[in-house]
Amino acid sequence: MTIEIKDVAADDIRNVFGGFDIFAKRIEKEFSTDISQRNGDIQVSGEEVGVRHTCNVLNELFRLSKKGYTIEEQNVDYLMSLEKENNAELMSSIADSGVICHTVQGRPVKPKTSGQMSYIDAIREKMIVFGIGPAGTGKTYLAMAMAITAFKSGEVSRIILTRPAIEAGEKLGFLPGDLQSKVDPYLRPLYDALYQIMGAESFQKNMEKGLIEVAPLAYMRGRTLDNAYIILDEAQNTTPSQMKMFLTRIGFGSKVVITGDKTQKDLLSGTVSGLDSAERVLKGIEDIAFIYLTSKDVVRHPLVQKIVKAYEDFEEKSGNDKKKPVRRSRFGRQKEKRS
């Protein structure tokens with residue numbers, strides 16, 4: 001079966017096909033089709049189902065390109081996954097979602113997946129939002145973009161960013177310098193996002209005025225935070241008492257975003273995570289939302305998405321193996337019960 005897509009601008013073809021036709025080749029491989037183009041016309045040949053999927057993906061990518069988007073590998077991979085679920089038109093609603101803000105380099109910051117879009121919508125509508133998902137899903141970065149936008153528009157008078165100061169599986173020993181120097185390594189990811197979205201000079205100026213605060217979670221005790229945008233990062237490394245302490249700091253006119261990855265806990269063995277306990281205790285309370293992002297929402301290098309998915313599959317399989325019932329032989333040894 002062969003279908004022609006006519007009258008496509010040369011610039012859009014270059015954008016959608018990618019350098020050396022790398023994106024077109026990915027689509028061909030995914031759906032077992034052959035894509036060729038000549039004089040602004042595109043031909044897709046192969047089995048009927050594959051051709052239909054390929055044309056849907058190409059048409060959606062051309063639609064994005066005509067809106068001024070620079071097509072990236074992540075767009076192609078995500079759109080193909082949506083198409084396999086017969087949901088490719090969802091990409092149009094994601095593309096039409098508004099830009100949150102621009103980085104200092106002028107790059108737009110906006111949701112790129114349906115999960116991210118749900119996350120942003122929840123942040124706009126709810127007072128407290130828990131963003132739970134694996135690395136690379138944009139949990140902290142998008143929350144930071146929303147905070148900076150609210151701060152610049154005058155919706156809040158300050159931004160407070162915090163995270164528990166816990167070492168990631170290794171002992172660093174005593175760190176040199178004053179107290180700020182000691183906690184800065186733990187807060188570096190927050191600084192990086194601020195520099196990229198706000199710019200180092202603007203960040204330093206507002207930080208000196210006390211309008212932006214980046215501090216370890218322990219500094220939150222005893223405070224009441226009114227008219228502020230508060231982000232708690234790495235919430236999986238809090239204890240239940242720390243999480244309760246943090247949540248009870250919230251004052252009038254404040255917005256709170258709590259992010260965490262339940263698969264990357266650095267707590268001591270046997271310690272309950274404050275994120276896990278909050279999930280059980282707070283679900284169902286009005287004006288609190290829990291948004292769950294998955295490997296499909298990873299917007300870093302495509303290999304990161306594959307790594308996250310591989311770990312998810314491995315951990316799910318390991319969990320199922322542990323749940324398999326056992327029976328004892330007449331000699332007292334445990335044997336796995338055959339299914």
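In the predicted model, helix H6 (residues 114-125) lies across strands E6, E9, E10 and E11, and runs at about 150° to E10. The strands that H6 crosses, E6, E9, E10 and E11, belong to an open sheet of six strands, in which the order is E8-E7-E9-E10-E6-E11 and the pairing is parallel. At the edges of this sheet stand strand E8 (212-216) and strand E11 (288-292), each of which pairs on one side only. On average, and with direction ignored, neighbouring strands of the sheet are turned by 15° against each other. Within the sheet, E6 and E10 are paired in the parallel sense over five bridges, and Ile128 is found opposite Val256 in E10.

Helix H10 (residues 240-247) is also in contact with strands of this sheet. The buried residues of H10 are Met243, Met245, Phe246 and Leu247, and these pack against strand E6 (128-132), strand E7 (158-163), strand E9 (228-232) and strand E10 (255-260), as well as against helix H11 (274-282). The loop between E9 and H10 contains Glu234, a residue other than glycine whose phi is nevertheless positive, near 55°. With a relative accessibility of 25%, Glu234 counts as partly exposed.

A further contact is formed between two helices in the earlier part of the chain, helix H2 (residues 22-31) and helix H4 (residues 73-84), which pack at an angle of about 25° with their axes 10 Å apart. Because angles under 35 degrees count as roughly parallel, H2 is described as roughly parallel to H4. The crossing of these two helices, H2 and H4, is right-handed. On the side of H2, the residues taking part are Phe23, Arg26, Ile27, Glu30 and Phe31, and they meet Glu73, Val76, Asp77, Met80, Glu83 and Lys84 in H4. Taken by class, the residues of the contact of H2 with H4 comprise five nonpolar and six charged residues, with no polar ones. As a general property of the α-helix, there are 3.6 residues a turn, so residues three or four places apart point the same way.

The loop that lies between helix H1 (10-17) and H2 holds Phe20, which is not a glycine and yet has a positive phi of about 55°. Phe20 is exposed, its relative accessible area being 80%.

An antiparallel arrangement is found in strand E2 (residues 33-38) and strand E3 (residues 41-46), which are joined by six bridges. One of the residues bridged here is Gln37, whose partner in E3 is Ile42. The hairpin of E2 and E3 has two residues between the strands, and in this hairpin Asn39 adopts a positive phi near 55°.

For the protein chain as a whole, the secondary structure comes to twelve helices and 13 strands. Of the 339 residues in the chain, 45% are buried, a class that includes Met243, Met245, Phe246 and Leu247 of H10. When contacts between residues at least 6 apart in sequence are considered, 67% of them join residues that are at least 24 apart.

Note on methods:
Residues are numbered from 1 along each chain as its sequence is written. This is a predicted model: local features need pLDDT of at least 70, side-chain atom pairs count only at pLDDT 80 or more; totals for chains, interfaces and linings use all residues. Side-chain values use heavy atoms; hydrogens and water are left out. Buried means under 20% relative accessible area, exposed over 50%, partly exposed in between (1.4 Å probe, protein chains only). Helices (H or I, at least four residues) and strands (E, at least two) are DSSP runs, numbered from the N terminus. Contact means heavy atoms within 4.5 Å. Axes are lines fitted to C-alpha atoms, for helices over the stretch in contact, and angles run from 0 to 180 degrees between N-to-C directions. Angles under 35 degrees count as roughly parallel, over 145 as roughly antiparallel, 65 to 115 as roughly perpendicular and the rest as oblique. A crossing is left-handed if the near helix is turned anticlockwise from the far one by less than a right angle, and right-handed if clockwise. Ala, Val, Leu, Ile, Met, Phe, Trp, Tyr, Cys and Pro count as nonpolar, Asp, Glu, Lys and Arg as charged, and the others, Gly among them, as polar. Two strands pair if DSSP finds at least two bridges between them.
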